[in-house]
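Student: Could you take me closely through one part of this model, the last helix and its surroundings, and then set that part against the rest of the chain?

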Amino acid sequence: MASTVVNLPCNVGEIKGLDCAYYVGLKPSVNRNFVCVRPVNKSCPRRMCVVRASESHDGSVKKMGLSDADCEAAVVAGNVPEAPPVPPKPAAPVGTPVVPLLPLNRRPRRNRQSPALRAAFQETSLTPANFVYPLFIHEGEEDTPIGAMPGCYRLGWRHGLVEEVSKARDVGVNSVVLFPKVPDALKSPTGVEAYNENGLVPRAIRLLKDKYPDLVIYTDVALDPYSSDGHDGIVREDGVIMNDETVHQLCKQAVAQARAGADVVSPSDMMDGRVGAIRTALDADGFQHVSIMSYTAKYASSFYGPFREALESNPRFGDKKTYQMNPANHREALVEAREDESEGADILLVKPGLPYLDIIRLLRNNSPLPIAAYQVSGEYSMIKAGGVLKMIDEEKVMMESLMCIRRAGADIILTYFALQAARCLCGEKR
């Protein structure tokens, strides 16, 4: 629409023939200039115009050198400085029905109408400090890609591991958990390699602590990476997983990890009574300062497949349903939580993460302890696959899934996305 732009000095009280009732924001002013934009389009009602700041104006106003008293006196005298006019009400599209306003006292959308408001009222935050980065390690020097987990590798413990930890620390992720791929020749029915103080995990811990003394190192306490049977415990000849005998081995494993410098030992085996026994063993050996993150509600889930490929630790027979929890159960998680709390756990963990948000919230509502959640390999691989196939926006779904786990009540999240998500939070490009 063509316009006629007229610059007028406004040291007069009114413009002859101009009725301010037909104009938006038009006020007489003194010693100021205004821009009158008069539409030329004949379809517009006559005498309608909009007064607005000049489009060539850079937004700044030149100071006049007046004191506060001068400014106030001018306003009192009616010489009100000009400001941008009241913006016009946005027009609805043609065909929008004219309806009476709904009789609503509260309209929740008011608090969502701008990015600034949404940020101000956001209830849940997500930072790199919330992440624990799971890292697979092996005895080799080269990093080996894991086919079922794009972007993840079995890291050489002397080189690749250190480099990956350095990358994570650069974006604020200073907590890792280590999972070893143990040579088959070192596996046995009783998993004795689990407490070898010169084994892969203790060596890696000592190396990392020497390089990064303030790094928080979590360790996995379970026999499955070390078992020739692929189970989390010792297997009797009739296929029964032996509970108390397994706990005995787990205590030795936890102490060996603590001696190497682990900050948090994490029993993931789901044997009964193991938290109390490990706490007693650690304290007896002088490791009162070492924390226990118990896998409190670890379900017998089908989401673990890629992880077992990464460690080549699939059970040789059967499944893990006699010690891991039934995915159909909800109240049972409270039984496990109360036992772990009473036995001295410092952190309670739920695994998997996103499919078990109700369990995360259940523990959050019923325990004062920090709650952890494990976004497991199957969750990670599904998001990666969906991204590769262009079925979803990988980055947005990744961040949403992590935020949902936090919203459910998790204080920390074990996630293979830790590095990628932290880079997003820090504004880095992938």
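Tutor: What follows starts from the last helix and the loop before it, and then moves outward to the salt bridges and the surface.

The model is a predicted one, and its protein chain has a secondary structure of 12 helices and 15 strands. Of the 430 residues in the chain, 44% are buried, and among contacts with a separation of 6 or more, 74% are between residues 24 or more positions apart.

Helix H12 spans residues 418-425, and within it Ala418, Leu419, Gln420, Ala421 and Ala422 are buried. The cover over these buried residues of H12 includes strand E4 (131-138), helix H3 (160-170), helix H10, helix H11 (394-408) and strand E15 (412-415). After H12 comes Gly427, which has a positive phi, near 85°.

On the other side of the helix, the loop between E15 and H12 holds Tyr416, and this residue counts as buried because its relative accessibility is 5%, where the limit for buried is under 20%. Leaving out residues up to four places away in sequence, Tyr416 touches Tyr133, Pro134, Phe136, Met149, Cys152, Phe307, Tyr374, Gln375, Val376, Ser377 and Tyr380. Tyr416 is also 9.3 Å from Phe131, C-alpha to C-alpha, although the two are 285 residues apart in sequence.

Helix H10, named above as part of the cover of H12, runs over residues 377-388 and contains Ser381. With a relative accessibility of 13%, Ser381 is buried, and beyond its neighbours within four places in sequence it is in contact with Ala148, Met149 and Pro306. Met149 is thus a contact of Ser381 and is listed among the residues that Tyr416 touches. In the loop between H10 and H11 lies Ile392, which is partly exposed at 32% relative accessibility. Ile392 joins Val388, Leu389 and Met391 in a nonpolar surface patch of about 430 Å².

Turning to the salt bridges, the structure holds 18 of them. One of these pairs Arg203 with Glu139, with 2.6 Å between the closest N and O atoms; Arg203 is in helix H4 and Glu139 is in the loop between E4 and strand E5 (144-145), so that this pair links distant parts of the chain, 64 residues apart. Strand E4, which ends just before that loop in the numbering given, is also among the elements that cover H12. Arg203 counts as buried at 17% relative accessibility, whereas Glu139, at 29%, is partly exposed.

A second salt bridge brings together the side chains of Arg259 and Glu197, at 2.3 Å from N to O. Because Arg259 belongs to helix H5 and Glu197 to the loop between strand E7 (175-180) and H4, the pair ties together parts that are 62 residues apart in sequence. Both partners are partly exposed, Arg259 at 44% relative accessibility and Glu197 at 37%.

A third salt bridge is formed by Arg274 and Asp340, whose closest N and O atoms are 3.8 Å apart. Arg274 lies in helix H6 (residues 274-284) and Asp340 in helix H8 (residues 332-343), so this pair ties together parts 66 residues apart in sequence. Here Arg274 is buried, with a relative accessible area of 2%, and Asp340 is buried at 2% as well. Elsewhere, salt bridges with shared partners join Asp224, Asp232, Lys298 and Lys320 into one network.

The accessible surface of the chain comes to about 23,500 Å², and 54% of it belongs to carbon and sulfur atoms. Beside the nonpolar patch already described, there is a surface patch of negative charge in which Asp244, Glu245, Asp272 and Glu339 gather. Of these, Glu245 is found in helix H5 (residues 243-260) and is partly exposed at 38% relative accessibility. In helix H4 (residues 200-211), Asp210 has its place, and with a relative accessible area of 66% Asp210 is exposed.

How values were computed: Residues are numbered from 1 along each chain as its sequence is written. This is a predicted model: local features need pLDDT of at least 70, side-chain atom pairs count only at pLDDT 80 or more; totals for chains, interfaces and linings use all residues. Side-chain values use heavy atoms; hydrogens and water are left out. Helices (H or I, at least four residues) and strands (E, at least two) are DSSP runs, numbered from the N terminus. Buried means under 20% relative accessible area, exposed over 50%, partly exposed in between (1.4 Å probe, protein chains only). Contact means heavy atoms within 4.5 Å. Patches are made of residues with over 30% relative accessible area and no salt bridge: like charges are joined within 9 Å, nonpolar side chains (Val, Leu, Ile, Met, Phe, Trp, Tyr) within 5 Å. Accessible areas come from the Shrake-Rupley method with a 1.4 Å probe; for residues, only the protein chains shown count as cover. A salt bridge is a side-chain nitrogen of Lys or Arg within 4 Å of a carboxyl oxygen of Asp or Glu. Lys and Arg count as positive and Asp and Glu as negative; His and the chain ends are not counted. The place of a charge is taken as NZ of Lys, CZ of Arg, CG of Asp or CD of Glu.
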